[in-house]
Protein chains: 2
Amino acid sequence: MENLTRKQREIKEREDRILDLARRMLAEGGYLGLSMDGIAEQLEYSKGTIYNHFPCKEEIIISLAVETMDRRLGMFQRAAEFVGRSRERISAIGVAAELFVRLYPHHFFVEQIIRSASIWEKTTEKRRSLMQSCEHRCMGIVSGIIRDGIGQGDLKLPDGIVPEDVAFGLWSQCFGAYSIIATSDSLPQLGISDPFVAVRRNISTMLDGYAWQQLSSDYDYQQLFERISSEVFADEYQTLQSV
Amino acid sequence: MENLTRKQREIKEREDRILDLARRMLAEGGYLGLSMDGIAEQLEYSKGTIYNHFPCKEEIIISLAVETMDRRLGMFQRAAEFVGRSRERISAIGVAAELFVRLYPHHFFVEQIIRSASIWEKTTEKRRSLMQSCEHRCMGIVSGIIRDGIGQGDLKLPDGIVPEDVAFGLWSQCFGAYSIIATSDSLPQLGISDPFVAVRRNISTMLDGYAWQQLSSDYDYQQLFERISSEVFADEYQTLQSV
DNA sequence: ATTGTTTCTGACGAAGCGTCAGAAATAAGG
DNA sequence: CCTTATTTCTGACGCTTCGTCAGAAACAAT
């Protein structure tokens, strides 16, 4: 793998710096805060050089989004390896999702931007399908655990409901809640003192509704949450605590 | 109320035309598709005139968002008046939310943009608090129904959970799901054939998890959905069918 | 008819995007 | 080591959009 010339290494390294700076600019000032001129200036390269890496602003954003989803996918994979009953494993996914958004809010923010700015027209098909495949694999992990649960008799879905429908429910609950949390500073005024706890309870209650064993009345999922955090995601959890 | 000069009426009418065009431009090309120059050109006024109405692009977007939330608030109010047990009334809210997003996707899109583009810095405190108050009242309606349910013995929340937490769950479930539906065209590939139905089932299951009477096993909420659509929201439902 | 006020206009400066001819650096060949 | 070919880098350029503002035009009051 080390058959790269000095030049090629330089280029790769510069690309990382571009993405790193771009993410910060995006976090700072949203879509408009990210400026090609600004990148060139701050990195002390000419604009042309930046455009050698990325043909347009939108491609940078997509690249950031792919990085983001890769990172989460990694955490989901680690979570899925948690040894335990199916509902414990899905809880591990929940821990991963929450830790991810709390630890890397900038990453999550990129995903929100992707979903609203219409940047798709300008980007190549390749990047788009790369993103989709990340999304698919994330969903696949979750659906897989649900299927395992069904196979092991922990869960039985009613007619007309497939595991993907439930996975979609978890996904939208998380995405929606985390979006609202990130962009609304008046939740305490609305009477929601700890929205993250509220999300966990709501999701847990939905799974109870599907009668996924073991029910939250027979098991301390709050304690499991702590255990998974400190066992599976020790480093991440540490970081979060210290902030 | 009719003490307006011809001029003033002209101005009011023009403001509506600006907002109408702006919404279409926004729906067409996102944040970037909305251009002040474009508005001036298409409406055949000079830019200065447009800027007499709105001091910046962002204020237009906020105005659109307020329109949006007002409209939904209206539908929520009608839904809340539905006569029935508490869980039937919350179902009516669900119908309103779904009809709203399906009938007025442009309106919903504005809300998504608001939540990602960083437009808040440029806008006045007044508009912002106007939006918040809309949000609060929407939440208030939902929380109110939940409280009614508790008062009438249909529902009992576990310790540490307040009605607002449950309302937050419904809100985030809907917002997340509708966002994903609006911006992801690969849901069928993921195995989710009818995402709107999936949302309804997931929400219903969550309410079952809270043991909100009557449980979905004892009541045909699918049929209730149809009934509310055609009774409370006859016009809207009609429009939706014909599209 | 004259004066004062409101409303409208479009040229302007600033900033950002993406391009491209030519300069500079690097690699290859003798 | 010098020449030539190739790659990489540069920044001026054209274009679009934002938001401003001095002056023109329309309107109202006297």
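How many residues of domain 1 of chain A are in contact with domain 2 of chain A, and how many residues of domain 2 take part? The legend to Figure 1 gives the answer. The model shown in every view is predicted.

**Figure 1. Domain 1 and domain 2 of chain A.** The domain assignment places residues 1-54 of chain A in domain 1 and residues 58-242 in domain 2. In this chain, 12 residues of domain 1 are in contact with 16 residues of domain 2. About 1,200 Å² is buried between the two domains of chain A, and carbon and sulfur atoms give 78% of that area. The C-alpha centres of domain 1 and domain 2 of chain A are 30 Å apart.

**Figure 2. The interface between chain A and chain B.** Contacts join 50 residues of chain A to 50 residues of chain B. The area buried between these chains is about 4,200 Å², with 60% of it given by carbon and sulfur atoms. On the chain A side, the residues that lose the most area to chain B are A:R115, A:F168 and A:L190, which together make up 15% of what that side buries.

**Figure 3. The relation between chain A and chain B.** A turn of 180 degrees, with a shift of 0.0 Å along the axis, lays chain A on chain B with an RMSD of 0.0 Å. This is therefore the relation of a two-fold axis. Both copies use the same surface, as 100% of the contact residues of chain A recur in chain B.

**Figure 4. The protein surface around DNA strand D.** DNA strand D is surrounded by 18 residues, and the closest are A:R14, A:T49, B:M36, B:D37 and B:K47. Of the atoms of DNA strand D that come within 4 Å of the protein, 56% belong to sugar and phosphate. By class, this surface has eight charged, five polar and five nonpolar residues.

**Figure 5. Polar contacts to DNA strand D, and the elements near this strand.** A polar side-chain atom of A:T49 is 2.9 Å from a phosphate oxygen of DNA strand D. From chain B, a polar side-chain atom of B:D37 lies 2.8 Å from a phosphate oxygen of the strand. A base oxygen of DNA strand D is 3.5 Å from a backbone N or O atom of A:G48. Two or more residues of the surface near DNA strand D come from each of α1 (6-33) and α3 (47-53) of chain A, and from each of α2 (36-43), α3 (47-53) and α4 (57-80) of chain B. With three residues, α3(A) gives the most to this surface.

**Figure 6. The protein surface around DNA strand C.** Around DNA strand C there are 18 residues, of which A:M36, A:K47, A:Y51, B:R14 and B:T49 come nearest. Sugar and phosphate make up 56% of the atoms of DNA strand C that come within 4 Å of the protein. The surface near DNA strand C has eight charged, five polar and five nonpolar residues.

**Figure 7. Polar contacts to DNA strand C, and the elements near this strand.** A phosphate oxygen of DNA strand C lies 2.9 Å from a polar side-chain atom of B:R14. For B:T49, a side-chain N or O atom is 2.8 Å from a phosphate oxygen of the strand. B:S46 has a polar backbone atom 3.2 Å from a phosphate oxygen of DNA strand C. At least two residues of the surface near DNA strand C are supplied by each of α2 (36-43), α3 and α4 (57-80) of chain A, and by each of α1 (6-33) and α3 of chain B. The element that gives the most is α3(B), with three residues.

Technical notes:
Residues numbered from 1 in each chain as written. Chains lettered and ligands numbered in written order. Predicted model: local features only at pLDDT ≥ 70, side-chain atom pairs only at ≥ 80, totals over all residues. Heavy atoms only, no water. Least-squares fit on C-alpha atoms with pLDDT ≥ 70 in both. Contact = heavy atoms within 4.5 Å. Near = heavy atom within 4 Å. Polar contact = N/O pair within 3.5 Å; in protein donor to acceptor, adjacent residues only side chain to side chain. Helix = DSSP H or I, 4+ residues; strand = E, 2+ residues; numbered from the N terminus. Nonpolar A, V, L, I, M, F, W, Y, C, P; charged D, E, K, R; others polar. Domains from an automatic or database assignment. Buried area = accessible area lost by both parts, 1.4 Å probe.
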